[in-house]
Every structure is written in C-alpha cells, then in structure tokens.
Amino acid sequence: MAQAVRDAIDKAEHLAVQAGTGTGKSLAYLVPAVRHAIATGGAVVVSTATIALQRQLIERDLPRLADALKPVLRREPVFAILKGRRNYLCLHRLRVGAPDDPDQMLFDARSVSAVGRQVQRLHQWAETTAAGDRDELVPGVDDRAWREVAVSAKECLGARCPLRASCFAEKARDEAGRADIVVTNHALLAIDAMEDFHVLPEHDVVIIDEAHELVDRVTSVATAELSAASVETAARRCSRLLDDSRDGARGQRGTLAGLLKDAGEALAPVLAEMAGGRIDFLPEVLAASLAAVRNAAHECAAELRVVLKRTEDDAEQQLIGRAALTATEEAHDTAARLLQSFDADIAARREVVWMDRPFAEDSRRPPTLRVAPLEVGGLLAERLFGCRTVVLTSATLALGGSFEPLARQWGLPPPPPSGPSPAVTGMDKQVLNGCADATSTERDVTPADDVDAVASATAGEPGGAAHAEPVDSAAGSGGDVRGSERLAWSGIDVGSPFDHPRSAILYVARHLPPPGRDGLPEAYLTEMCELITAAGGRTLGLFSSMRAARQAAEELRERISQPLLCQGDDATSQLVKQFAADEATCLFGTLSLWQGVDVPGRSLQLVVIDRIPFPRPDDPLASARQRAVAARGGNGFMAVAATGAALLLAQGTGRLLRTMTDRGVVAILDPRLVTARYGSFLRASLPPFWTTIDPEVVRGALRRLADSS
C-alpha cells in the first residue's frame, strides 16, 4: 500500500485503496505523505470522518512515525490537527456573552437550567484548556451550551477581535500552516472545496481515510435548513441593531426586523400543516411564505451591512452584528435556494426538498424544511480531484467486487472500455454451503453481473460517466493539468491479514420469511434467541431501526439469561464499554453501532443483522436519487439502494474480526441475501467468510466457540 500511495503521489494520479482492518493503512499512507511533504516543502492533508481516527493519528500514529523518521530525515516531521472554527472555544464570546437567542424560550425550565450548568462548566474549562478544542472536553456538552461559547467563521470578528492573539482557532490555523501533515475532517475538507476562500493550508495532496463516508459528509455540509424559529431568531438579532426610528410612524411591526419577524410568524403555521417527507411540488402558500422570508431577510441584511460598516471600531457591536448578519443571510440564502429548487422539471432538478417533522417525543424540535444536492460528484470532481492528487482509503471501498460504484459517486469517470476494470483482485470467493437448491435465476447471477448492472444503472446518473466532463484545472487552485488527465485514477485492494474463511462464518437464515413492515416476526425473535443462547451472549445486534432494536431487546430479555443492553439505555460509549467488559453481555442498536464499535476478543463472537439495510422507501434523499437515475434510463434501485446497503453490510460485518485471534459468526436473518437477484452483489461486497444457510451448523460452531472461551 505504501508503494502504491507513493507511486500515485509521484504520478499525480488519484488512488482508491481498500485495506482491511489490521493492515496498518494509516502508516502505509503517512510514510509516503511525509516523504512528499519534506521533499516539496508543502503540506499533505489527511481527512477522516471520525474523532476516534483523528485522535489515533495525532496521539499515536504520527508521534511514533515522527520519532522513527527523524534520524532518516534529519529533522522531525511536524503535524497538526485543524477543525472548523465552531469546534474551538471563542474567548471573546466567553467574555461578552452570546446574542440573545429566542430558541431558549422553547425549552422548559429544567432544560434551560441544565444548559446553564453546562455553560458554567465551559467557563471553568476555559481557564485550563490549552487548545480550546471541543472534542477534548470529556464528558461533552449539549450543542445549545456550546453555541454560547463558540462562533462560526462568519460571526468571527477576525482582525478586529481584541483577543485575537489568544484565539484558539487562530493558534490551530497557525500550527497547521507550519505542519507537514495536517489532520482534518471530511466536513472541513468539503467547506474548503465548496468555498471561494481556503480554510486549509496550501496543499497539493489529500489523503481521505474512512473514504466510504465522504459522499454523505459532503452532502451534509451542502444541506441547508429553514424553520420558523430560525427566521424569528434572525429577526430578533436584527432588532438589536437596526435603527427603527426611521419607520417610527409605522411602529415596530413596520420596521425591517419587524417585517422579518412577521415573515417567520407567517411561515410557522404553513410548516405546521405540511406532512413530513419529500416535496415534489411547491404549494402556493409555501412559495408566498418563502418569498416573504427571502425579501425581508434581503432588506435586513443590506441594512445590517451598513450598520457594521458604521461601527467598525466597536467590537461588541461587531459581534452582535455579525451574529445577526449570519442568521439573516442564512435565512435569505436558504429561502432563495428552496424556491429555486422547484424551477426545473422534476427529472432535471439538481436538488431535493423535504419536510423534516419532529418525532412526538421531541416536540422541542420545530418542523424544518431541508434542501440537499442530489449528487456531489460534480463538485468533488471539479474542486477536489481536479485540483490536487487524492488518495482514498477505507476497509470498505469495493462494492460487489469493484471500486466503480463509489468512484461514480465521487465524480470519477469509469475506466476506458479497453482498459482494465478497477475491480478487487485476490479475494477468495465465498462458498455458499448448502445453497445448491437456489433457483436457477439466482444461481446464474454472478457478482460480476451485478457490478455490470450497477455500472449500467449509474451510467447516466449525476457524477457518472455522462457527467464526468474534463475539468479545467483553472477552476481550482494548484492544478496545472487540464481535462480528464486530472481525473485519472486506479484502485487496489491490499487484502487483509485475517484468514476470513477460517476465522468466521457468514450464516444466512434462508428458512426465515422475508422481513415485513410490522416489526420483527416471531420467527426472527426465536432465531436470535437460539443463536444468542448457543453463543453464551457475546452478541452485537445491528438493526435497521431503533424500533426493531427496542422490540428485540424487550422480547429477548424475557427469553435469554444473558444481560442485554440496548442503545438509548445510556450514552453509546458507556454501553460499548459495558459490552466489552462482560463477555456474556449482548448489545443491540442501530446505525452508529454499524460503524462505530471496535470490540476485539471474546466479548464479541456473534454479530446479528436483522435485515438488509436498504434505505427506507420514504427516505427523501435516497428516493429522489433513485428517481433521478431512473429518469436517465438507469436502475435506481441498484445504483442507490443496493449500493448503500452493500456499504452498510460491509461495515456491519466488519465489526466481528478486529484482531488476528478473533473468531465468530455473522448471522444475517434476511433470506433475500441468498434468494434475491441482487444478493450476489451484496455478498460480493462482504469479506470472504465461509458461508452457510444451515442453522444447525452455525449453532454448533457457536457452542464450540463458547466452550473454548
């Protein structure tokens, strides 16, 4: 892997590397990254999706590597971590306080009191912290409390701040500017790509670890939201600065801030009446309300800029004004974006709009409109891949045996028809024990068939071949090569140190009925009970919904003798610690456990997955993406739903083997994994476990594992 990364950097070609758990991939990409940074005098950016990996790099891998390379390089490599400004404590806001926020009025007394106590804790922490990094505060605090002591980039006073010399965010930026290796997160990487200004130091190489999450993180950054409460927040902040006297004859309701407040109040009942889910057609009443918000926010923002210009030397007024301008511009830009999203014909739209309604138990969260891009491949191709060399790595990049499904989402073109396909090589095929009675239709579908299906399904989708035009390097900074040469890429699977067929079994419960919509069938609960009993506990249950996880936990607590924890009983990190500490304990949960659990050893010997994790049919973004692919003549299900499910399945099954000595079983209760036509594509995305559909075989194996423990 180190050789492949070095070659990619030297040739300025993009590289996708699948490297299984235990490979040591961080060292494999850091060594050539340091080599390049030292040789060129520039920086290499390493981006991750999770705090845990950032800490591993900064606290373990990079210090060890720096010590090892110092004698060779004749100087110690320098590394730093850089996050978005909101991640750092703002000393000025800590001193003068946050702008009065009407959102606080939505909370009950106990909630406000809890936030107040957390803010007091933050003030105490500010006296001792050296970095002001939110992630260093353990235990953490609520977002509402953190907003009281942090600012966004737009709210920051910049050079006018009287405490700039002590600013934590500026210190982090200065350290990053002097570093050879800069560790950051996917969100800041996306902001650096999307904005016209740079938030990261100048660099010509980016290494993206946990690259399987890149598209989701970039999409999240590019998603905007609007609620009546956010509009009223902007209006309230405006009212503290705007001179209302010139409209005195009209009274408070006639002022600019008053007009914005009116627009927010008018929007509230409109949103309250709207059903949750995707919005394909813009209702007239909503269009009128959004236009009112857009227009009023535009007028307020223009006046705020005048006020800020007039009070340049007043730091307190600048802080209040920037907070007001940020909220007002966000309200304006989002309202305008929502209106523009409906201009084109549905098949030609580039964005999707939906209503996000609160759950009954979360009534404090207001009904909120959200708008997100259907794809981010074009953005990534132009602003990331088109400007610098990118190495993408993860334990899960090859879906259905090929890198192409994810490469298309990243905006990279397919390989030329005459060239080799960037498919995974060297992986042993899974042997499906006992599946000889599969129907001929299913048996004849190979993983390669389904990879081809995904390729053809996405050929016309955004970010696919039809949208992988040559990119002019002038569009970004640092590029000096034009056209498709800047998008040249290759993929390599460096394998895994694990002997998957000898270390683990993939069990598919073919005899069970397909999953339904009315909760877990009794047959599924019985199957789980028998598996957990055979394993003596030691089970991680991964469910497609919290409702299913809770149902299984409630039912099985009455049937098994082992302790059973369920996500939501306590903080997830505490539950994972309890699970790891007691071999007999079981842990059930949903999405965050699919990717965030690392429990090596005997505490985890059985992973149970209740169903193939397809996106919900009413998921607004996934359903809109499927529709867009279908409108271009592709297969939306394979391009979006099957690809997403394959990625999650690979992540979930990857929870089992974490060290060379781990042994166990992955049990998937959904029979469609072996009966449906798309099953071979999904199975080809998983590690090459020895595979069976025989329940007696797997229960016997679990008993033997339990006895040996």
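Which strands and which helix do the buried residues of helix 21 pack against? The tour comes to that after an overview. The model is predicted.

**Whole chain**

Show the whole protein as a cartoon. It holds 27 helices and 19 strands. Of its 709 residues, 53% are buried. Among contacts with a separation of 6 or more, 77% join residues 24 or more positions apart.

**Helix 21 and its surroundings**

Select residues 572-581, which are helix 21, and show the side chains. Leu-575, Val-576 and Phe-579 are buried here. These three lie on the same side of helix 21, because they cover an arc of only 100 degrees around the axis. In general, residues three or four places apart in an α-helix point the same way, since there are 3.6 residues a turn. Now turn to the other side of helix 21, where Lys-577 and Ala-581 are exposed.

To answer the opening question, add strand 14 (539-542), strand 15 (564-566), strand 16 (586-589) and helix 22 (591-596) to the selection: the buried residues of helix 21 pack against these.

Next, select Asp-582, in the loop between helix 21 and strand 16. Asp-582 is partly exposed, with a relative accessible area of 33%. Apart from neighbours within four places in sequence, Asp-582 is in contact with Pro-563 and Ser-603. Draw a C-alpha to C-alpha distance from Asp-582 to Arg-538: the two are 44 residues apart in sequence and 8.4 Å apart in space.

**Strands 14, 17 and 18**

Keep strand 14 in view and add strand 17, residues 606-609. Strand 14 and strand 17 are paired in the parallel sense, over four bridges. One bridge to pick out links Leu-542 with its partner Ile-609 in strand 17.

Add strand 18, residues 664-668. Strand 18 runs parallel to strand 17, and four bridges join the two. Ile-609 appears again on this side, with Ile-668 in strand 18 as its bridge partner.

Are the side chains of strand 17 buried or exposed? Both faces are covered: Leu-606 and Val-608 on one side are buried, and so are Val-607 and Ile-609 on the other. The side chains of a regular strand alternate between the two faces of the sheet.

**Val-674**

Move on to helix 25, residues 672-675, and select Val-674 within it. Val-674 is buried, at a relative accessible area of 5%. Its C-alpha is 9.0 Å from that of Ala-509, while 165 residues separate Val-674 and Ala-509 in sequence.

**The antiparallel sheet**

Go back along the chain and select strands 6, 7, 8 and 9. They form an open sheet in the order 6-9-8-7, with antiparallel pairing. Strand 6 (224-226) and strand 7 (277-279) are the edge strands, each pairing on one side only. On average, neighbouring strands in this sheet are turned by 30 degrees against each other, direction ignored.

At the strand 7 edge, look at strand 8, residues 351-356. Three bridges pair strand 7 with strand 8 in the antiparallel sense. Label Arg-278 and its bridge partner Trp-354 in strand 8.

Then add helix 13, residues 315-340. Helix 13 lies across strand 6, strand 8 and strand 9 (368-373), and runs at about 100 degrees to strand 6.

**Helix 9**

Select residues 214-221, helix 9. Its buried residues are Leu-214, Val-215, Val-218 and Thr-219. The arc they cover around the axis is only 125 degrees, which puts them on the same side of helix 9. Asp-216 and Ser-220, on the other side of helix 9, are exposed.

**Helices 8 and 14**

Select helix 8 (residues 186-194) and helix 14 (residues 377-385). Their axes are 9 Å apart and the packing angle is about 80 degrees, so helix 8 and helix 14 are roughly perpendicular to each other. At the contact, Leu-189, Ala-193 and Met-194 in helix 8 meet Leu-379, Arg-383 and Leu-384 in helix 14.

**Cysteines**

Finish by colouring the cysteines. How many disulfides are there? The count comes to zero. Cys-238 is in no disulfide, and the nearest cysteine sulfur, that of Cys-300, is 4.3 Å away. The cut-off for a disulfide is sulfur atoms within 2.5 Å. Cys-238 is buried, with a relative accessible area of 0%. Cys-387 is buried too, with a relative accessible area of 4%.

Notes: Residues numbered from 1 in each chain as written. Predicted model: local features only at pLDDT ≥ 70, side-chain atom pairs only at ≥ 80, totals over all residues. Heavy atoms only, no water. Pairing = 2+ DSSP bridges. Axes fitted to C-alpha atoms, helices over the stretch in contact; angles between N-to-C directions. Contact = heavy atoms within 4.5 Å. Buried < 20%, exposed > 50% of the residue type's maximum accessible area, 1.4 Å probe, protein only. Arc of directions from axis to C-beta. Parallel < 35°, antiparallel > 145°, perpendicular 65-115°, else oblique.
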